Every structure is written in structure tokens, then in C-alpha cells.
Amino acid sequence: MKERIFKKDPRLVYIGRTLPIRSESEWENESLTLVLFFSRSGAKFRVDSRSFLPRSGDVAAINYNLDISVDIGELPDSSLTCMLVENARLYGDASLYGGGIRLCASGDYRGITEAALRQLMREKSVKLPAGESLIETLFASVMTLLVRIMPVTLRPHKSSNVFYAAKEYFDDNYLSDETFVEVCKKLNIDRFYLTHVFKQEIGIPPVKYVIGKRMQQARELLETTELDINMIAKSCGYSDPAYFCRVFKSTQGQTALAYRADFKQRLKELRKKEESEHGELRDISVNISPSENK
């Protein structure tokens, strides 16, 4: 039997690089949810009086009835994807945006979420064979990924309740020094059953999920700070820097220092490429002949 996630079938209202233009009727539509995906750090957005500074790979789900503004500054348009969805309320009467807004890191789901959004936008903008069918499949995939990314609790099945309750706890406490056994006792869940549920839902055991959350934070600190490895290890929940280094290398395929060096090199090459492209555009504008200006 197919698991039911949403109370009604969600409907894609809009997808683009800028906020949708809100119609008068949409102000009163309580079934609308705005989803923002940030492919780069450096943007900022405001919801009513609250300001947010999302990081690269973050996803926001926002109640569309609120006052929302987004500023990507000098970032390219491709840094932001906006999606407006109708009927995104979950089975069990929960919402993706919780009390009004949720901002979460997409983590291990970043690549597939970004790719699905990019292709969904392309399919909506051009007419290709079997386009409607692919749009439906991509949209369903994106909505399912959002449910996994956002800390929400579904209630269609007991196992799903267990998974999302535990996932929410791990999302909030992945830096804790509690053992897996201690967490299971606190949640009153059998550890073998919880491992089975996690593997069934996302294909990995809870311990690997927590390690993934810690490694995501480690990558972000390596990319955005000059903290030494000892400080990064402690910031990611590891009291032993040597153990942190072993975990990082085994999960990321390279040492933490090599990761930082590679990231800086990629960033340097990207900036050089962007500067080169801007220079070519300036040269083209300067070399336009007078006859072409007439």
C-alpha cells in the first residue's frame, strides 16, 4: 500500500528565480506554501520582522500569508529557486512551515533536490515531449524530498511516527555526546527497531545519519572559516580531533585539510572564471562600432 504523505495532492503554482507576484486572492489562500532553495551562501531574506541568512544548500518553507522579501545581493540569479505550492499540508494536519517558517539544510539530499528543481523549472519553461508527465514526477520527487529535509512528523503509520520523531531529535541534538543507546532510552524506542525504521525510510542507520549531519557542519566550517581542526572537531561534537579526522576521511574520501584546500582552489578558479567572463562582456560593449549604435 502506497504511503500517504499529503492530505490532498499538492499543486505546483509557480517555479522561478524570483519571488512570484502575489495576487490579491493569494493573500487569503491559507493552503499556499512558499519554498526557497539557496544554492549559494550570501543571500538574505525577511519574513515579517525576522531576518535570516541562509547557507548554501539551505531550504526554507514559509507560510505564504506572511510578508516575505528576499535579497540575493550580487549573487547570480541561479543562486535562488522559488517554488509556490498549493495543498502542501501533510497527512495528520501538519505543515512544512511549522509555526510560519522552517529553514533547514538539505544535507545529503542537496544534490538530488537541486537537480530536480533545476529540471522542473526547465520543463515548465519549454515544451518538450512527455513534458507534463515528467513535471508531475519531478514535482512529486521534490515534495517528498522536502518532507525528508524538514523536521516534520507524519502520522499515517506507526513506523513513520517513530522515524520522524527520532529524526527531529537527531536534527536538534546531533552534536550531543549521548550514546545511541541513551537516546533510544530517552525516546522509549527499541534500538534495533529504530535502526530498522531508519534503514527502511532513508536507507541508512541512525548512527550514519548523525555522522552525516556532523560532517555537513564540518564541511561548512572548513569552507567558511579558518578554524583549526581541533576547534572544528569540537564544534562538530568530537572531543578527539584524531577520531574526527579519521571519520572525516572515511566518509568524505579525503582529509579535512585537503577538503579545505580543494574548496579554496575551486572557489579561486570560479572567481577567476567569473572575472574573465565579466571582462569579455566589457570588451564587447566597448568594441561596438558607431554604426551599430545607430
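Buried here means under 20% relative accessible area. The views below come from a predicted model.

**View 1. Strand E5 and its burial.** Strand E5 covers residues 58-63, and six of the six are buried, so the strand is largely enclosed by the rest of the structure. Both of its faces are covered. Asp58, Ala60 and Ile62 lie on one side, and Val59, Ala61 and Asn63 lie on the other.

**View 2. The strand partners of E5.** Strand E2 (residues 32-38) pairs with E5 in the antiparallel sense, over five bridges. Within this pairing, Val35 stands opposite Ala61 of E5. Strand E8 (residues 101-105) also pairs with E5, again in the antiparallel sense and over five bridges. Here Ala60 has Leu103 of E8 as its bridge partner. Both residues of E5 named in this view, Ala60 and Ala61, are buried, on opposite faces of the strand.

**View 3. The three-stranded open sheet.** Three strands make up an open sheet, in the order E4-E3-E6, with antiparallel pairing. Its edge strands are E4 (50-52) and E6 (68-71), each of which pairs on one side only. From one strand to the next, the twist averages 15°. Strand E3 (residues 44-47) is joined to E6 by four bridges in the antiparallel sense. One residue pair to look for is Arg46 and its bridge partner in E6, Ser69.

**View 4. Helix H1 and what covers it.** Helix H1 runs over residues 110-125 and has 16 residues. From first C-alpha to last it reaches 23 Å, close to the 22 Å expected at 1.5 Å a residue. Its buried residues are Thr113, Glu114, Ala116, Leu117, Leu120, Met121 and Glu123. The cover over these buried residues includes strand E1 (11-16), E2, strand E7 (80-86) and helix H2. Strand E2 therefore appears in two of these views: it is part of the cover of H1, and it pairs with E5, whose six residues are all buried.

**View 5. Helix H2.** Helix H2 spans residues 131-149, with 19 residues. The distance from its first C-alpha to its last is 27 Å, close to the 27 Å expected at 1.5 Å a residue. Buried residues of H2 are Gly131, Ile135, Leu138, Phe139, Val142, Met143, Leu145, Leu146, Val147 and Ile149. H2 is also among the elements that cover the buried residues of H1.

Terms used: Residues numbered from 1 in each chain as written. Predicted model: local features only at pLDDT ≥ 70, side-chain atom pairs only at ≥ 80, totals over all residues. Heavy atoms only, no water. Helix = DSSP H or I, 4+ residues; strand = E, 2+ residues; numbered from the N terminus. Expected span 1.5 Å × (residues − 1). Buried < 20%, exposed > 50% of the residue type's maximum accessible area, 1.4 Å probe, protein only. Pairing = 2+ DSSP bridges. Axes fitted to C-alpha atoms, helices over the stretch in contact; angles between N-to-C directions. Contact = heavy atoms within 4.5 Å.
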